[in-house]
Amino acid sequence: MGLRLRASPGSAGAMDRDLNILVGAVGLSALGDWLALVPLTLHLQEATESGIVVALLFVAFWSPAIVLAGPAGLLADRLDPRRVLVLVSLVQAAVAVGLAFVSGAAAIVVLAAALGLGFALAQPAEFALVPRVAGEERLAVANGRVETARYVGFTVGPLIGGMLAAAGGLRVAMIVNALTFLVVAAAAVVVRCPNMDSCVLPERAEGRAWTGAAYLFRDRVLAVVMTVAFVSLLVMTASWTATVFFAKEDLEIGDAGYGVLLTSWTVGMVIGATFFARRVASGMLAVTALIAIVVQGAGLAGPTLWVIPAFAFVFFLVGGLAHGTKNVVIRTLIHERVPSSFHGRAFAAYNALRNGAELVALVGGGLLVTALGARWTLLLAGVIPMAAGLVALGVARRRLVEPAVAGAPA
């Protein structure tokens, strides 16, 4: 499977310190993304009153991770990931300062695309850095902590962004956003790889930009998991559109209840990523990922069968728990089954697959809610992933426990 990273007994303290720095940087980066997007969204909505312009903002920010996945992953594989993070974070800080002093919608959308380009480059670099800092024996623990930090950032970022926008407008929020990028750059400068002489792999990254995508589907185990994950996300993310209507019109729990419903899902994600995913044995990662997709789907579909608020809160908590577990075990599965020199490209391809499916599902969700209503949309968003996961478990259960062969191509 490529380079094996082993922790030496004397490096435990250094490893914990560097992993803590990396985890903190990931959380701060996630916080900064939403700290920027919320004020930018509010500003464009007030300035243009156009839903199309607001949609363009999100497309501009997220689409580089889809379009440029191959080159971004290749950069992370061929260079020191820390250097990539430093350079990208410094450029993003400069872009954030620029956003603080522009007002036109076109300029904001263009600069948001520049921030999105930085996001596209930073994600595979962070993924490639995790096993080099944590070592292979602690991959599940490290990935759990990374995902938990990301969820905390996703939760706190919109709150802080909204507060800063209300207190000082776009300028104050973007200056604070620029400071978060500078802190991430500083973290990338000081973090080390205790299990290696340096953070640069000894073998040269071979292959082209999209070789990582090929690994995801040539490996028999990864191919099953990636296919089910893609099919699930094509419909599951429709729940983002449907949930607000389901909460207010079917459950009749109002704005506050809708917030609690979303929070119960997020709390479940943190619990799953922190406590459950790390307990999954290496040979059971693929099976666990598929089971988690089934349970995640049940978390969405269950509340539509018995429309009671308390029932919905419990199901969303369980669905979120499965969601957090799934994200961590898939990260660890890619780390284990893809050679180290392809980690950046493999994760960039997975990220592009995930983001592309979610963009399609968001559009489809709006159409389904209009045509079928929120309750039926949420039911379909849960049942289809459940069916896909169960079919894969039934058809490919023997394939899912195949071990990765060290040093062999997928």
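**Helix packing and selected residues**

A134 is found in helix α6. The model is predicted. The points below cover α6 and its partner α5, the enclosed helix α4, two further helix pairs, and one loop residue with a positive phi.

**Helix α6 and its end**

- Helix α6 runs over residues 105-134, and 21 of its 30 residues are buried, so the rest of the structure largely encloses α6.
- The length of α6 fits its residue count: at 1.5 Å a residue, 30 residues should span 44 Å, and the end C-alpha atoms are 43 Å apart, which agrees.
- A134 is buried, because its relative accessible area is 2%, and the cut-off for buried is under 20%.
- In sequence A134 and D18 are 116 residues apart, yet their C-alpha atoms are 8.2 Å apart in space.
- G135 comes just after α6 and takes a positive phi of about 85°.

**Helix α5 against helix α6**

- Helix α5 covers residues 81-100, and its axis comes within 9 Å of the axis of α6, the two crossing at roughly 160°.
- That angle makes α5 roughly antiparallel to α6, since angles over 145 degrees count as roughly antiparallel.
- The crossing of α5 past α6 is left-handed.
- Sorted by class, the residues of the contact of α5 with α6 are 16 nonpolar, three polar and three charged.

**Helix α4**

- Helix α4 spans residues 69-78; seven of its 10 residues are buried, so α4 is largely enclosed by the rest of the structure.
- A69, G70, A72, G73, L74, A76 and D77 are the buried residues of α4.
- These buried residues pack against four helices, namely α3 (64-67), α5, α6 and α14 (343-372).

**Helix α13 against helix α14**

- Helix α13 (residues 309-337) packs with α14 at an angle of about 145°, and their axes are 10 Å apart.
- α13 passes α14 in a right-handed crossing.
- From α13, the contact is made by N327, I330, R331, I334 and H335; from α14, by H343, A346, F347, Y350 and R354.
- Five nonpolar, three polar and two charged residues make up the contact of α13 with α14.

**Helix α12 against helix α15**

- Helix α12 (residues 285-305) and helix α15 (residues 374-395) have axes 7 Å apart and pack at an angle of about 155°.
- α12 and α15 are therefore roughly antiparallel to each other.
- The crossing of α12 past α15 is left-handed.
- On the α12 side the contact uses V287, L290, I291, I293, V294, G297, A298, L300, A301, T304 and L305.
- On the α15 side these meet R375, L378, L379, A381, G382, V383, P385, M386, G389, L390, A392 and L393.
- The contact of α12 with α15 divides into 18 nonpolar, four polar and one charged residue.
- An α-helix has 3.6 residues a turn, so residues three or four places apart point the same way.

**Loop residue E252**

- E252 is found in the loop between α10 (239-250) and α11 (254-276).
- Phi of E252 is near 55°, a positive value in a residue other than glycine.
- E252 counts as exposed because its relative accessibility is 63%, and the cut-off for exposed is over 50%.

Terms used
Residues numbered from 1 in each chain as written. Predicted model: local features only at pLDDT ≥ 70, side-chain atom pairs only at ≥ 80, totals over all residues. Heavy atoms only, no water. Axes fitted to C-alpha atoms, helices over the stretch in contact; angles between N-to-C directions. Parallel < 35°, antiparallel > 145°, perpendicular 65-115°, else oblique. Left-handed = near helix turned anticlockwise from the far one by under 90°. Nonpolar A, V, L, I, M, F, W, Y, C, P; charged D, E, K, R; others polar. Expected span 1.5 Å × (residues − 1). Buried < 20%, exposed > 50% of the residue type's maximum accessible area, 1.4 Å probe, protein only. Contact = heavy atoms within 4.5 Å.
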